[in-house]
Each structure stands twice: as C-alpha cells, then as structure tokens.
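Could you take me around this structure, stop by stop? I have it open in a viewer and would like to know what to select next and what is there.

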Amino acid sequence: MKIRVLGAYGAEGLAQRPSAFLLNDRVLIDGGTVGGALASAEQLAIEHALVSHSHLDHIAGLAYLTETLALCEAQTPLTIASLEPVVTALRTSIFNDTVWPDFTKLPSPQAPVLRFQSLREDTEQRVGDFWVRPVPVNHTVPTSGFIVHDGTSGLIYSGDTGPTDALWKAAREVRGLRAVILECAFPNRLAGLADIARHMTPELIRRELDKMPDDVPVLIFHVKPQFYDEIGEELGAVSGARITMLEQDRTYAF
Ligand SMILES: [Zn+2]
Ligand SMILES: [Zn+2]
C-alpha cells in the first residue's frame, strides 16, 4: 500500500495544503486539496474518496475535482464514501446547485461524474480495492476515522478528533498495522480551544499513546500552519522517535 500526501495541514497556508491523501493512486482519504497537488490525468484516475467529515479543510478539493472530471469527460465517476450524516451534509450543503453544482446529475443524470456511497459505522466493507472500517470519533460534527487495509497491511486514519477510545479499540483487531495517521491541530497552550473544537494537542497525543497499538509509528497531520514550528517542538518532547510529522508531497509505502 502506498499513500501520497497531497495536503498535510489543517488549513491553507503558503504552499501548505489542507488535508488529503491518495492511496494507490485510486482512493482519496479526505480531499481538502486535490487539483493543487495532482495533474489532470492523475485526478481522472481517482475512483473513490473516503471522507471523514464535512468540514471544508477535508472536502474543498472535491468541488474542483468533480468539475475537472466533468470538463475532461471522465470515464469513471468519483464515488464519495462516508457515514450517512456526512453524505447528507455534502448533498445538501455543498453539491446543492447553490454553493456548487449537483454533479450527481452532471454532465447527465444517466452518466454523472459523482456518486455517493453511505458507509456502515464500525463495519468492515469494501471500497475500491480496500477494506474500510469507519469508526466514529470525537469531533464537533459527525466524523469517522478509518481503518483501511488491503489484506496484507493496513493503517489507521484518525480524521479530526479529540481524545478517542473507539478508534484504538477497533484497531486492536487489525493485523498488519503499519501506521497511525493522527491529527494534531493546536499547541499545548491552546488546550482550551482544542477541547472546544475537539482536536488534539501534543499533550493530548502523549496521553493517547498508551491506548494505541504498541510500536506502530505515529504520523502527524492537520497541524494548523500558524503553529507548525511550535507543535513540532512540543511533539519532539513527547516521543522523539515514534512520532513524526507527515511530509506533504511525499509518498509513503507500507
Ligand atoms: Zn480539519
Ligand atoms: Zn474538522
């Protein structure tokens, strides 16, 4: 399994793109940015998008991706796969013919470039070539993390979340786990804001480590660009070797 980091951040900064990852060139995990990181031909190869929740920093790139698919007459539609409340939010608040066109009817209702797939909570199911288990996590809107594997190796993607037990509990059943991709948005001094907005700080991550599967590397994403250096220093103090910041534009192989 290879995962390409299209966007590693929790917002947009100069050359810092919102959260998006591409598995084996075909399946997005979140889509905060897509066209900002991929050529048109690479965008056309995408078949599925696993979406953790409806916040803009995880979906903005899907708006432009669907337009690209329509303009380039893509042969394969994009299927956005997520929990039912997230699918509903995307249908009613984004692809609603007001904020953005309803690409489930374009270029024609018979052959649209966008489809939706509602995923069952806490159940392993097929998305593209992968097995995916969405696990509800602790955020301000309905959000799931994802446990994704290909039969040989797997990873945990946290989505946006504050402290969570459900995700780590589900992870205990996974064999071949190669990485935890975990969010961290704020430095320790903003613990109050992290609590309200349901995000991690380095101190909260330190406490989560004991709940996670042993010895699996923890790769951090979703750092707010304003706090990159500060969070990097604080994470280094938590656990030097086990935790690293994900590098945007790098492809990791598991
Ligand atoms: Zn976010
Ligand atoms: Zn969020």
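The tour below starts with the whole chain, moves to the metal sites and ends with the salt bridges.

**Before you start**

This is a predicted model, so local features need pLDDT of at least 70 and side-chain atom pairs count only at pLDDT 80 or more, while totals for chains, interfaces and linings use all residues. Residues are numbered from 1 along each chain as its sequence is written, chains are lettered from A and ligands numbered from 1 in the order in which they are written, and side-chain values use heavy atoms, with hydrogens and water left out.

**Stop 1: the whole chain**

Show the protein chain as a cartoon. You will find seven helices and 14 strands; these are DSSP runs numbered from the N terminus, with at least four residues for a helix (H or I) and at least two for a strand (E). The C-alpha atoms fill a box of roughly 55 × 40 × 30 Å along the principal axes. The radius of gyration is 17 Å, which agrees with the value near 18 Å for a compact globule of 254 residues. That radius is taken over C-alpha atoms, and the globule rule is 2.2 Å times the number of residues to the power 0.38.

Now switch on the surface. The protein chain exposes about 11000 Å², with 49% supplied by carbon and sulfur atoms; such areas come from the Shrake-Rupley method with a 1.4 Å probe, and for residues only the protein chains shown count as cover. Of the 254 residues, 54% are buried. Here buried means under 20% relative accessible area, exposed over 50%, and partly exposed in between (1.4 Å probe, protein chains only). Among contacts with a separation of 6 or more, 59% join residues 24 or more positions apart, a contact being heavy atoms within 4.5 Å.

**Stop 2: the zinc ion (ligand 1)**

Select the zinc ion (ligand 1) together with Asp57, His58, Asp160 and His222. These residues are its protein donors, through OD of Asp57, NE2 of His58, OD of Asp160 and NE2 of His222, at 2.0 to 2.2 Å. Donors are N, O and S atoms within 2.8 Å of the metal (3.2 Å for Na, K and Ca), and sites may look incomplete because water is not among the atoms.

The angles among the four donor atoms run from 89 to 168 degrees, and the site is irregular. Four donors count as tetrahedral if all angles lie between 85 and 135 degrees; four count as square planar and six as octahedral if opposite donors are over 155 degrees apart and all others between 65 and 115; anything else is irregular. Along the sequence, the donor spacing is D-H-x101-D-x61-H. Histidine 58 sits in the loop between strand E4 (48-50) and helix H2 (60-71), and histidine 222 in the loop between strand E12 (218-221) and helix H7 (228-238), so this pair ties together parts 164 residues apart in sequence. Histidine 58 is buried, at 0% relative accessible area, and histidine 222 is buried at 0% too.

**Stop 3: the zinc ion (ligand 2)**

Which residue coordinates both zinc ions? Select aspartate 160: it bridges the zinc ion (ligand 1) and the zinc ion (ligand 2), which are 3.5 Å apart. Aspartate 160 is buried, with a relative accessible area of 1%.

Add His53, His55 and His139 to the view. The zinc ion (ligand 2) is coordinated by His53 (NE2), His55 (ND1), His139 (NE2) and Asp160 (OD), at 2.2 to 2.3 Å. This site is irregular as well, with angles of 90 to 165 degrees among its four donor atoms. Its donors follow the spacing H-x1-H-x83-H-x20-D. Histidine 55, in the loop between E4 and H2, and aspartate 160, in the loop between strand E10 (154-157) and helix H4 (166-171), are 105 residues apart. Histidine 55 is partly exposed at 26% relative accessibility.

**Stop 4: the salt bridges**

The whole structure holds 13 salt bridges, each a side-chain nitrogen of Lys or Arg within 4 Å of a carboxyl oxygen of Asp or Glu.

- Select aspartate 249 and arginine 17, whose closest N and O atoms are 2.4 Å apart. Aspartate 249 is partly exposed at 48%, whereas arginine 17 is buried at 16%.
- Select glutamate 173 and arginine 133, which meet at 3.0 Å, N to O. Glutamate 173 is exposed at 59%, and arginine 133 is buried at 16%. Add Asp122 to see a network of salt bridges linking Asp122, Arg133 and Glu173.
- Finish with lysine 211 and glutamate 208, at 2.8 Å, N to O. Lysine 211 is partly exposed at 27%, and glutamate 208 is buried at 2%.
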